[in-house]
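Could you take me on a short walk through this structure, telling me what to select at each stop and what I will find there? I have it open in my viewer.

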Amino acid sequence: MVKEVYFFTEMGYTAYPQDQARQRGYNNLMFPNEHFSPERAQELYSMYFDELQYCSESGFDGVMINEHHNNPLCMMPSVNVIGSILSRITKKGRIVFLGNVLPIHDNPLRVAEEIAMIDILSGGRVVCGFVRGIGQESIATNTNPVYNRERFDEAHNLIVKAWTTPGPFRWEGRHYDYRVVNPWVKPLQKPHPPIWIPGVASPESVRWAAEHRYPYIALAPPLDLIEEIYDLYDQVATAQGYTPTAEQRGYAIRVSVADTDEQAYEEGRNFYWQLGTSFGVTPRHWQAPPGYISREASQGQREQRRTAAANITPGGPVLDYEQAQATYQIVTGDPDTVIQKLKHIIDLVDPGYMIFWGREGPMSHKVAMRAIDRMTKEVIPAVKAYQADREKGRQSRVSG
Amino acid sequence: MTTAGSHTETFVEVADVRLQLRQGGTGEPLLLLHGELGVPGWLRAYELLAEHFTVYVPSLPGFGQSARPDWIMSVRDLAAWVTWFVRDLQLPQPLNVIGCSLGGWIAAEIATFNAALFKKIVLVGAAGLKPEVGEVWDYFVHAPREAFTQAFYDPEHVPEYIKYYEKSQTPEEEIQVENNREMASRLFWKPYMRSHTLPALLRGIATPTLLVWGREDAIIPLNVCQLYQRAIPGATAKILESCGHMPELEKPTEFVQVVLDFLIAP
């Protein structure tokens, strides 16, 4: 059953000139930052933080936050900065970092220290996710994409060891070297904050999460990828000698709730605010810099579908609004309709955690707040009360 | 082994690497170190050089269909490996070398630490130094195909551009292009296409060196040719007109002529 439901927004910088981006054919990485207005960003930050605070207080079990770089998609350049603010302006609810982009850090111990501090400030409310970053962030941060996965692995191992092994100790690895690992500030939660791994279906990430017994959080994948993702997780878990539970499955989905189906359908278009896509427009060679995607993954049909699903490839298949609804990458409707659609997902996935990507783009504050109320008062209670249909769902597949 | 015309293409185990090796001609050995875009085939220039030398064109580790050892992480690592290649193939030393772009950088690195390996060095549009004016064109923010047009001055009139780069690629060719990009990224993502120490090391080169540059090189600006010439004692330079970053493909006849003048002249 769904144990907890979180709220998410990318905190988009919605004020950039879309016509300029359309002319260039991309809206990130090298899209000129002269189009950024700090004054406009100040207004947007205020609005987004008000909404996140309200979610934490009004019925969500917390909020999910993330980070991106060189990208109007997301005004969170440091997930730890966002998280530290939330740790003080909210009093309850988990703060789900999905997550720290490990490979871009030359000093990953700083991530260990910052997360530890935020865990203390928040009273142990941190869920710590780790990510590889999207491809273009290797370029934005000038981190060699060839070593992205190696650095991710090593930084993770170092951080976990720093949290769990008494210091001081030495670390001499392939990408990181320390004479002294001995961070003074350590997390409140023991042995450390829960670690979750989000992804858009890269098979290596699913496998890696399962090997470490970390929950895998599927980020709004198309419906036809779901079974592959969690079947792979189950296979790896079986090989490791354990049976995954719902608490190892998370699911993030774009949700637009309004008073009527028609109204929600129209408001859901806000997810497609970036040149008619929901994740911006990026040339393929930025999205997949050298070595960033493994040969196995890049030649798989899965990768092709993932790329299409991510809706980010110019000239490639662009997922239109209707298709996104048909593949459940976005669900819209009045509360009853949305509940029915989410039950279908729950039948298939049986997730322990759901994340409602609940506001996006030029959606007004008023509309966002009304949607949040609908979610907390009607959708979340129904979702949490729902037992996955054993005949249709994952539970029957696992037990069968 | 495949044989086409005067050359062979084989896979050999050399210096701990399963290597794709093209070879043609007879006589004194001539080692050709390719650039970051790899070797598209047995080029016209190789054919012309093979009339005078035994020309060896290995696909360097990680490029083309050659295996990629994990330990090669820098151009200097690769330079060390090239010396093993010469040793294990039992090529007589010293031998002549032509290094194109990345290959030029490798040849220069070797010459700074091993004066016995090379008889004469030809550096063609060589990477490795930061331009005084302008920037080295950045492969990694551009699409793979853009690199091919950027590397030529007048691609539409270059037979080997049309032959190798203009057509749509097979899936196997696309994989090779991706392999080449990945290996290039391993070697010189940061600092990009240059070494911090090479400028100081070049003054130790005691081997006769010719620099060949396309005047319209839009990958590595012509002023890098002057930097090399100033740094390597006694180096001479030949500039080819109406020519881009790959003279060996764009102007094969003129290119081979200036190379022969240098290698064969007393």
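Start by selecting helix H15 of chain A and look for its kink of about 40°, centred on A:Met375. Keep in mind as you go that this is a predicted model. H15(A) covers residues 365-385, and at 1.5 Å a residue its 21 residues should span 30 Å. The C-alpha atoms at its two ends are 29 Å apart, which agrees with that expectation.

Stay with H15(A) and highlight its buried residues: A:Ala368, A:Ala371, A:Ile372, A:Arg374, A:Met375, A:Val379, A:Ile380 and A:Val383. A:Met375, then, is both the centre of the kink and one of the buried residues. What covers these buried residues of H15(A)? Show strand S1 (4-8), helix H2 (38-58), strand S9 (249-257), helix H14 (335-349) and strand S11 (353-357) of chain A, which are included in the cover.

Next, select residues 79-89 and 109-121 of chain A, which are helices H3 and H4. Their axes come within 9 Å and cross at roughly 15°. Angles under 35 degrees count as roughly parallel, and H3(A) and H4(A) are therefore roughly parallel to each other. The crossing of H3(A) past H4(A) is left-handed. To see where the two helices meet, show A:Asn80, A:Gly83, A:Ser84, A:Ser87 and A:Arg88 on H3(A), together with A:Glu114, A:Ile115, A:Ile118 and A:Leu121 on H4(A).

Now for two peptide bonds. Zoom in on A:Leu98 and A:Gly99, which are joined by a cis peptide bond with omega of about -10°. A:Gly99 belongs to strand S3 (residues 94-101) of chain A. Then move along to A:Lys190 and A:Pro191, where there is a cis peptide bond with omega of about 0°. A:Pro191 sits in the loop between strand S6 (177-181) and strand S7 (195-199) of chain A.

Two loop residues come next, one in each chain. In chain A, pick A:Leu29, in the loop between helix H1 (18-24) and H2. A:Leu29 is not a glycine, yet its phi is positive, about 55°. Is A:Leu29 buried or exposed? It has 20 C-beta neighbours inside 10 Å, so A:Leu29 counts as buried.

In chain B, pick B:Ser242, in the loop between strand S9 (236-240) and helix H9 (247-250). B:Ser242 is not a glycine either, and it has a positive phi of about 50°. B:Ser242 counts as partly exposed because it has 13 C-beta neighbours inside 10 Å.

While in chain B, go to B:Ser59, in the loop between strand S5 (54-58) and helix H2 (75-88). This residue has 24 C-beta neighbours inside 10 Å, so B:Ser59 counts as buried. Which residues does B:Ser59 contact, leaving aside its neighbours within four places in sequence? Select B:Leu19, B:Gln20, B:Gly38, B:Val39, B:Gly64, B:Gln65 and B:Ser66 to see them. For a distance to try in your viewer, B:Ser59 and B:Pro171 are 19 Å apart, C-alpha to C-alpha, and 112 residues apart in sequence.

The last stop is back in chain A, at A:Thr165, in the loop between helix H6 (148-164) and strand S5 (169-172). With 11 C-beta neighbours inside 10 Å, A:Thr165 counts as exposed. From A:Thr165 to A:Ala246 the C-alpha distance is 29 Å, with their positions 81 residues apart in sequence.

Methods
Residues are numbered from 1 along each chain as its sequence is written. Chains are lettered from A and ligands numbered from 1 in the order in which they are written. This is a predicted model: local features need pLDDT of at least 70, side-chain atom pairs count only at pLDDT 80 or more; totals for chains, interfaces and linings use all residues. Helices (H or I, at least four residues) and strands (E, at least two) are DSSP runs, numbered from the N terminus. The expected span of a helix is 1.5 Å times one less than its number of residues. The bend at a residue is the angle between axes fitted to the seven residues ending there and the seven starting there. A residue is buried if 20 or more other C-beta atoms lie within 10 Å of its own, exposed if 12 or fewer, and partly exposed in between; C-beta atoms are placed from the backbone. Two residues are in contact if their C-beta atoms, placed from the backbone, lie within 7 Å. Axes are lines fitted to C-alpha atoms, for helices over the stretch in contact, and angles run from 0 to 180 degrees between N-to-C directions. Angles under 35 degrees count as roughly parallel, over 145 as roughly antiparallel, 65 to 115 as roughly perpendicular and the rest as oblique. A crossing is left-handed if the near helix is turned anticlockwise from the far one by less than a right angle, and right-handed if clockwise.
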